[in-house]
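Reader: I have a model open and want to go through its salt bridges, strands and helices. Can you take my questions as they come?

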Amino acid sequence: QIQSPARIAGYALINDLEEKPILIMRVTEARSIYRSAQSALNYVLISLAGTGVILGLLILHLWQRHVLTRLTDLSGHVGRISTLGDLSERVQTSGRDELSSLGQNFNRMLGALQQSSQELQQSRDELSRLSAHLQEVREEERAQMARRIHDDLGQLLMALNIEVSMF
C-alpha cells in the first residue's frame, strides 16, 4: 500500500501452527525505484519537448528556405511581368518539384499569350490593310461610276443639243 510519494508499505498475515492468525507483519520501504522512474520519465519528457522544438525550428527554417523564398520569388517575377506587360519575359525555374513545374507552366502560358498577341496584331494589321484596300476600291468604283454618268449625260446632252439645233 502506498503511504506517500516517498514510502510504500507491505503487510503479511502470519499464522501459528494451527493456522490461526497471530501476527500481522508490516514492512515499509522508501520508494527509490519509483523516484528513479519519475526522474527518468521527467528527463525523457524534457528531452522529447526539446527535440520537438528543435525539429520544429529546423522544419520552419527548411520550409522558409526551400518553399516560401522560392514562392515569393515566383510571385515577384509574375508581378513584374504583369506590371511591365512584357510577354517575352520568363520566370526563372530550377529543380524538379512542384514550384518548378508551376514556373514552367507559367512560362508556357506566357509563350501562348505572346503567340496569341502576335497573331492578334497580325490579324489587326491584315484587317487594317483590307479596310484600306476596300476604301480604295470604293473610291475607284465611285470615280468610274461618276465617269460613266458624266459620259452618258454628256452624250445625252450632246444628242439633245444636236436635236435642238436641227429644229
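Reader: Start with Glu 89. What is its relative accessible area, and is it buried or partly exposed?

Author: This is a predicted model. In it, Glu 89 has a relative accessible area of 26%, which makes it partly exposed.

Reader: Which side chain does Glu 89 meet in a salt bridge?

Author: The side chain of Arg 80, with an N to O distance of 3.1 Å. Arg 80 is partly exposed too, at 37% relative accessibility.

Reader: How many salt bridges are there by this rule?

Author: The count is five. One of them pairs Asp 97 with Arg 70, at 2.4 Å from N to O.

Reader: Where do Asp 97 and Arg 70 lie, and what does the pair tie together?

Author: Arg 70 is in helix 1, residues 32-84, while Asp 97 is in the loop between helix 1 and helix 2, the latter being residues 98-166. The two are 27 residues apart in sequence, so the salt bridge ties together parts separated by that stretch of chain.

Reader: Are Asp 97 and Arg 70 buried or partly exposed?

Author: Asp 97 is partly exposed, at 28% relative accessibility. Arg 70 comes out at 26% and also counts as partly exposed.

Reader: Which side chain meets Arg 129 in a salt bridge?

Author: That of Glu 126, and the N to O distance is 2.5 Å. Both residues belong to helix 2 and sit three residues apart, so about one helical turn separates them. Arg 129 has 48% relative accessibility and is partly exposed. Glu 126 is at 36%, again partly exposed.

Reader: Now Arg 31. Is it buried or exposed, and which side chain of opposite charge is nearest?

Author: Arg 31 is buried, and it has no salt bridge. The nearest side chain of opposite charge is Glu 29, 11 Å away. A salt bridge needs a nitrogen within 4 Å of a carboxyl oxygen, so that distance does not qualify.

Reader: Where is Arg 31, and what does it touch?

Author: Arg 31 is in the loop between strand 3, residues 21-30, and helix 1. Leaving out residues up to four places away in sequence, it touches Ile 2, Ser 4, Pro 5, Ala 6, Arg 7 and Ile 8.

Reader: And Ala 30, which element holds it and what does it touch?

Author: Ala 30 is part of strand 3. With residues up to four places away in sequence set aside, its contacts are Ala 6 and Arg 7. Pro 5 is 25 residues from Ala 30 in sequence, and their C-alpha atoms are 9.1 Å apart. Ala 30 has 34% relative accessibility, so it counts as partly exposed.

Reader: On to the strands. How many bridges join strand 1 to strand 2, and which way do they run?

Author: Two bridges join them, and the strands run antiparallel. Strand 1 covers residues 2-4 and strand 2 covers residues 7-15. They form a hairpin with two residues between them. Ile 2 stands opposite Ile 8 of strand 2.

Reader: How many bridges join strand 2 to strand 3?

Author: Nine, and this pair is also antiparallel. Among the facing residues, Ile 14 is opposite Leu 23 of strand 3, and Leu 13 has Ile 24 as its bridge partner.

Reader: How many residues lie between strand 2 and strand 3 in that hairpin?

Author: Five residues lie between them. Glu 19, in the turn, has a positive phi of about 65°.

Reader: Last topic, helix 1. What span should its 53 residues give, and how far apart are the end C-alpha atoms?

Author: At 1.5 Å a residue, the expected span is 78 Å. The end C-alpha atoms are 75 Å apart, which agrees.

Reader: Where does helix 1 bend?

Author: At Gln 64, by about 40°.

Reader: Which residues of helix 1 are buried, and what do they pack against?

Author: Leu 74, His 77 and Ile 81 are buried. The buried residues of helix 1 pack against helix 2.

Reader: What follows helix 1?

Author: Gly 85, whose phi is positive, near 70°.

Notes
Residues numbered from 1 in each chain as written. Predicted model: local features only at pLDDT ≥ 70, side-chain atom pairs only at ≥ 80, totals over all residues. Heavy atoms only, no water. Helix = DSSP H or I, 4+ residues; strand = E, 2+ residues; numbered from the N terminus. Buried < 20%, exposed > 50% of the residue type's maximum accessible area, 1.4 Å probe, protein only. Lys, Arg positive; Asp, Glu negative; His and termini not counted. Contact = heavy atoms within 4.5 Å. Expected span 1.5 Å × (residues − 1). Bend = angle between axes of the 7 residues up to and from the residue. Pairing = 2+ DSSP bridges.
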